[in-house]
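Let's take a walk through this structure, one neighbourhood at a time. Have the sequence and the 3D view open side by side.

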Amino acid sequence: MELDVTLTEGECRALAYPSLVGRPEPGDAVLLNTTALAMGLGTGGYAMVVAVPDRLPEDPSGPGHLVKARYTPLQATVLGADEQDSPYHEVLKDADSLDGMPVVIADLHSALPAILCGFYAAAGPDARVAYVMLDGGALPAWFSMSCAQLRSREWLCGVVTVGQAFGGDVEAVTLHTGLLAARHVLNADIAIVTQGPGNLGTGTRWGFSGVSAGEAVNAAAVLTGRPVAALRVSEGDKRERHIGVSHHSLTAYGRVALAPAQVVVPELPDSFGAMVREQASALAVRHELVNVPVDGLLEALRDSPVRLSTMGRGLDEDLAYFLTSAAAGRHAAALLDTQLDT
């Protein structure tokens, strides 16, 4: 829940997760963590409520034995779909296959709604899409306003939080069981895998949380899914390493992913599109490059049920980024049609 907090030196916006810290009420004193405000984090313009000291939440009493955000002051106990007390334990106990389910993988959380725009424009409204959220960004799925809105619009049949991430409709220990839960618990037709909101990068070749995209390709492949790699492409980023195809995609898919994927290359126009195709060609050593047209995708993106934004840039400020993500969704819809035909 969002609240306004009066400080000795002014006011600030704050977020509280009631299941962790209790539900603040008007007049309550709250203990805040203001790190995101002090650092000016792009996705974290909120103080975080650590506690309501005068009214603490009850101790956890189950169900569930998975502890996430482990050994931090706000560690959360959840019921994992894969743990022994779960009603889905028997379903997942020996599960080993995604049955060829398409798995769209992207670097940033902001790609999620754009992928869905491209997918639903091609597949229609009846397909079931699960979102599998990695723990490279925000740990609580509750932090994502996009997830909540996409869920309410039934663009997602559920959210699966894996690793240290928590707060989804389904919890799982690993990405592997998270993907299997998407297929066998949520009965998803496709899954989309990204980290949660926020992205950690250091400007080094290997020091960024998006390396997990390459690991997700491996997980989808070993479980007999069909990994679809969405490139991170930008024409609006001011940093040279992210212009065209980001080095994040070239490293994650070119070095970390050891299994082949279908890498979606958008048919963007003019010299910028030619640059993207040239940069992406380096990935053909291991992967299948699939050229996907982008005609009609702008209209689909403009009809998005949630606001599109990446690194503070909206649709018109970095159109190439959103078109590329939507193209991956369009290709996943084509794969799903092929799967249903067979």
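**A walk through the model**

Start with two helices: α6 passes α7 in a right-handed crossing. Keep in mind as you look that this is a predicted model. Helix α7 spans residues 212–222, and its axis and that of α6 are 10 Å apart where the two pack, at an angle of about 55 degrees. That angle makes α6 oblique to α7.

Stay with α6 for a moment. This helix runs over residues 175–184 and is mostly covered, with 8 of its 10 residues buried. The buried set begins with Leu175, then takes in Thr177, Gly178, Leu179, Leu180, Ala181, Ala182 and Arg183. As a reminder, an α-helix has 3.6 residues a turn, so residues three or four places apart point the same way.

Follow the chain out of α6 and you come to the loop between α6 and β11 (190–195), where Asn187 is found. Check the backbone here: Asn187 has a positive phi, near 55 degrees, in a residue other than glycine. As for solvent, Asn187 counts as partly exposed because its relative accessibility is 48%, which falls between the 20% and 50% cut-offs.

There is another backbone of this kind elsewhere. Ala69 is not a glycine, yet its phi is positive, at about 50 degrees. You'll find Ala69 in the loop between β5 (66–68) and β6 (76–78). With a relative accessible area of 10%, Ala69 is buried, since the cut-off is under 20%.

In strand β6 itself, look for Thr77. Thr77 has a relative accessible area of 37%, so it is partly exposed. If you'd like to link this region back to the start of the tour, measure from Thr77 to His176: the two are 99 residues apart in sequence, and their C-alpha atoms are 20 Å apart in space.

Now go to the beginning of the chain for some sheet. Four strands make an open sheet here, in the order β1-β2-β4-β3 and with mixed pairing. The edges are β1 (2–7) and β3 (31–33), each of which pairs on one side only. From one strand to the next, the twist averages 50 degrees.

Zoom in on the β1 end of that sheet. A hairpin of 2 residues joins β1 to β2. The two strands pair in the antiparallel sense over 6 bridges, with β2 covering residues 10–15. To pick out one of the partners, start at Leu3, whose bridge partner in β2 is Ala14. A little before Ala14, Arg13 is worth a look too: it lies over the face of Tyr46, at 4.2 Å from the ring centre.

That brings us to the aromatics. How many aromatic pairs does a search of the whole structure find? The count comes to 5. One of the pairs is Tyr120 with Trp155: their ring centres are 5.0 Å apart and their planes lie at 45 degrees, so this pair is tilted. Tyr120 sits in helix α4 (residues 111–123), while Trp155 sits in the loop between α5 (145–152) and β9 (158–161), so the pair ties together parts that are 35 residues apart in sequence. Are these two partners buried or exposed? Tyr120 counts as buried at 11% relative accessibility, and Trp155 is buried as well, with a relative accessible area of 17%.

Next, compare the pair formed by Tyr321 and Phe322. Here the ring centres are 5.0 Å apart, but the planes meet at 90 degrees, so the pair is edge-to-face. The cut-off behind that label is an angle over 60 degrees. Tyr321 is buried, with a relative accessible area of 3%. Phe322 also counts as buried, at 0% relative accessibility.

Finish with a cluster. Tyr17, Trp142 and Phe166 come together as one aromatic cluster, so to speak the last stop on this tour.

Note on methods:
Residues numbered from 1 in each chain as written. Predicted model: local features only at pLDDT ≥ 70, side-chain atom pairs only at ≥ 80, totals over all residues. Heavy atoms only, no water. Pairing = 2+ DSSP bridges. Axes fitted to C-alpha atoms, helices over the stretch in contact; angles between N-to-C directions. Buried < 20%, exposed > 50% of the residue type's maximum accessible area, 1.4 Å probe, protein only. Phe/Tyr/Trp six-rings, centres within 6.5 Å; stacked < 30°, edge-to-face > 60°. Lys NZ or Arg CZ within 6 Å of the ring centre and 35° of its normal. Parallel < 35°, antiparallel > 145°, perpendicular 65-115°, else oblique. Left-handed = near helix turned anticlockwise from the far one by under 90°.
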